[in-house]
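Q: I have a protein model open and would like to learn how to read a sheet and its cysteines. Could you take me through it step by step?

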Amino acid sequence: MDNLEIRTCANIALVKYWGKSDLPGNIPAVGSVSIGLEGLATVTRMQVHDGSIDHITINGDNGGAAVARVQKFLNRARDLYGRTECFEVRSSNNFPTGTGLASSASGFAALALGVDKLLSLGLTRQAVSQLAREGSGSAARSVFGGFVEMHAGPEAFASKITDGATWPLEVVITLTSAAPKETGSTEGMELSKRTSPFFESWINTHEADLSIAREAIAERDFEKLATVSEHSCLKMHATIMASRPGVLYWNGTTIDVIHRVRALRKQGIPVFFTIDAGAQVKVVCMPGGAESVEKELLAIPGVIETISTFIGGEPQITRTSH
Ligand code: DP6
């Protein structure tokens, strides 16, 4: 019976996805542009087994919310393709889970790739991306590496813009908190949509950001990418903060890191920040720039750890028969 080992990577959005037009299926209300992170990987071992229930283990646990989410995803995949097979899934991350480092993205991308291969569905990469989206919106992007765009609309899927090697930017992930976030992305998005007075402007101004990001990547224009990325990040967090009740994902160190990144830029160092639904800051540097930036960030009181990586994250699937 086939046994797969699937390595997928987290991604971070530079132009953010925040808000759904439809909750079931995670249909995003806006498109997004992301980069795959080579160093933040999930390894998922997966096979079909003869039993009548799935066996799921995530980071050594076989119960809890993460396992329940995977179970829901597998049920949905079977429903979508009219199949009945059950799976054994063992998944682990090489990075902290549930702290805003997008483990759901790499996790569900791996599962979608695995379901396709193990059930011989013969899906296109676009259809695998749509399947991954059923687990988590951002997972649709992690079925590709490099620079990726997620398209909004009822069929929402991601596609590759270009490989990481074409513009090998570096990223310093700066951990400012080890605690799991209090408000998950799904919940936070629904709250923003229902209650934030800025949500409508967030949606209405989004297409302009996407088109600037596409241009910046095509032109390898770092400053343009920096400006639109920080704008999209701060606009998303402003929308989130203005919800009722207000949600604040940042801590004091998050803000100190933002200020340090801006100070470095003033000194002429090309660098920008982005922050997802959590307290960690992802700092994007020009090729060769991460080493000195990482030293600066590690010196900030409250920074727990940094992970230096680069754009990549192409999924790898190894098939072993036994
Ligand atoms: C802030 O993909 O985690 O990271 O679709 O509800 O699972 P669900 O949400 P998720 O949200 C990601 C939000 C974000 C921005 C982004 O990655 O684009």
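A: Let us start from one residue: Cys-285 is buried, with a relative accessible area of 0%, where buried means under 20% relative accessible area, exposed over 50% and partly exposed in between (1.4 Å probe, protein chains only). Please keep in mind that this is a predicted model, in which local features need pLDDT of at least 70 and side-chain atom pairs count only at pLDDT 80 or more, while totals for chains, interfaces and linings use all residues. Residues are numbered from 1 along each chain as its sequence is written, and side-chain values use heavy atoms, with hydrogens and water left out.

Q: Which way do the residues of strand 11 point, and are they buried or exposed?
A: Val-281, Val-283 and Cys-285 point one way from strand 11, whereas Lys-282 and Val-284 point the other way, and all are buried. Strands (E, at least two residues) and helices (H or I, at least four) are DSSP runs, numbered from the N terminus.

Q: In what order do the four strands of the open sheet lie?
A: In general, strands of a sheet pair through backbone hydrogen bonds, either parallel or antiparallel. Here the order is 10-11-9-12 and the pairing is antiparallel, where two strands count as paired if DSSP finds at least two bridges between them. The edge strands, each pairing on one side only, are strand 10 (271-274) and strand 12 (305-310).

Q: Which residues are bridge partners in strand 11?
A: Strand 10 and strand 11 (residues 281-285) pair over four bridges, and in this pairing Phe-273 stands opposite Val-283, while Thr-274 has Lys-282 as its partner. Strand 9 and strand 11 pair over five bridges, and the partner of Val-171 is Val-284.

Q: Which strands does helix 8 lie across?
A: Helix 8 (residues 252-266) lies across strand 9 (170-175), strand 10 and strand 11, running at about 160° to strand 10. For such angles, axes are lines fitted to C-alpha atoms, for helices over the stretch in contact (heavy atoms within 4.5 Å), and the angles run from 0 to 180 degrees between N-to-C directions.

Q: How many disulfides does the count come to?
A: A disulfide is a pair of cysteine sulfur atoms within 2.5 Å, and by this rule the count comes to zero. Cys-285 is in no disulfide, as the nearest cysteine sulfur, that of Cys-233, is 15 Å away. The sulfur of Cys-9 is 18 Å from the closest cysteine sulfur, in Cys-285, which is too far for a bond.
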